[in-house]
Amino acid sequence: MMDYSRSWQELRRKQRVAWLVLPACIPVGVVADHFHSRLLFFVLGGLWCAAGLFAFGRVSAFPCPRCRKTYFIEKLRKNPSSVRCLHCGLRKEESSDVVETEWSLVQDSLPKLEWGRLRRFSDGMVEARDADGKTEWFASVKSAHAWLSEDGLVQLSSLSSSKLAAIGLLPDDLAPPNWST
Ligand SMILES: [Zn+2]
């Protein structure tokens, strides 16, 4: 099982800091009022705003421990209270593991090997990676296959060995790449 506990811990810490910055506007107001200083009010108020933007910005930029994309932002969609990654659907505080990996090749490029990959995770989500290294997430294997096939990727298991041998590819040549993620 992939352990994401450190990432979740980091997120909780960042969120706690962000929420602590909010009530700091009260002492800012009290101090400025005590000294009857408008300048002090603007200076402290400005610092408070900057600290708030920084703290909430760090939460917004939090990378999902599974897909490494921004957990709370997806293109124009932003949801800082989301409990699922807006890209891969990973639930907060949860871990996941790869339960199935399937390799594919761009058929038209053979005998040149251009790999694609599909990985199914324990929460049912499916990651597809095309030959250019672009990844997308899907709720079903079927949708992931459809996306991969748009790039001409065909499952390795569906390519017949005699056909591959005819273009000079032996089973030993077909070792999938060693992608770390
Ligand atoms: Zn994710």
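## A tour from alanine 18 outward

Begin by selecting alanine 18, which counts as partly exposed because 19 C-beta neighbours lie inside 10 Å, whereas a buried residue would need 20 or more. Keep in mind throughout that this is a predicted model. Alanine 18 lies in helix α1, and, once its neighbours within four places in sequence are left aside, it is in contact with Ala55, Phe56 and Val59. Add alanine 55 to the selection and compare the C-alpha atoms: alanine 18 and alanine 55 are 37 residues apart in sequence, yet 4.8 Å apart in space.

**Helices α1 and α3**

Next, select residues 5-21 for helix α1 and residues 38-60 for helix α3, whose axes come within 9 Å and cross at roughly 155 degrees. That angle makes α1 roughly antiparallel to α3, since angles over 145 degrees count as such, and the crossing of α1 and α3 is left-handed. To display the contact, show Lys14, Gln15, Val17, Ala18 and Val21 on α1, together with Ala51, Gly52, Ala55, Phe56, Arg58 and Val59 on α3. Coloured by class, the residues of this contact divide into seven nonpolar, two polar and two charged.

**Helices α2 and α3**

Keep α3 in view and add residues 25-34, which form helix α2; the axes of α2 and α3 come within 9 Å and cross at roughly 170 degrees, so that α2 is roughly antiparallel to α3. Here the residues to show are Cys25, Val28, Val31 and Ala32 of α2, with Leu40, Phe41, Leu44, Gly45 and Trp48 of α3. By class, the contact of α2 with α3 has eight nonpolar residues, one polar residue and no charged residues.

**Backbone stops in the loops**

Move on to arginine 68, in the loop between α3 and β1 (73-74), where phi is near 65 degrees, a positive value in a residue other than glycine. Arginine 68 counts as exposed because it has 12 C-beta neighbours inside 10 Å. Glutamate 93, placed in the loop between β2 (77-78) and β3, also has a positive phi, of about 70 degrees, although it is not a glycine; with 12 C-beta neighbours inside 10 Å, glutamate 93 counts as exposed. Then select leucine 110 and proline 111, which are joined by a cis peptide bond with omega of about 10 degrees; proline 111 is found in the loop between β3 (98-106) and β4 (115-121).

**The whole chain**

Finally, zoom out and colour the chain by its domain assignment, which gives domain 1 (5-78) and domain 2 (98-173). The C-alpha centres of domain 1 and domain 2 lie 43 Å apart.

Notes. Residues numbered from 1 in each chain as written. Predicted model: local features only at pLDDT ≥ 70, side-chain atom pairs only at ≥ 80, totals over all residues. Axes fitted to C-alpha atoms, helices over the stretch in contact; angles between N-to-C directions. Helix = DSSP H or I, 4+ residues; strand = E, 2+ residues; numbered from the N terminus. Parallel < 35°, antiparallel > 145°, perpendicular 65-115°, else oblique. Left-handed = near helix turned anticlockwise from the far one by under 90°. Contact = placed C-beta atoms within 7 Å. Nonpolar A, V, L, I, M, F, W, Y, C, P; charged D, E, K, R; others polar. Domains from an automatic or database assignment.
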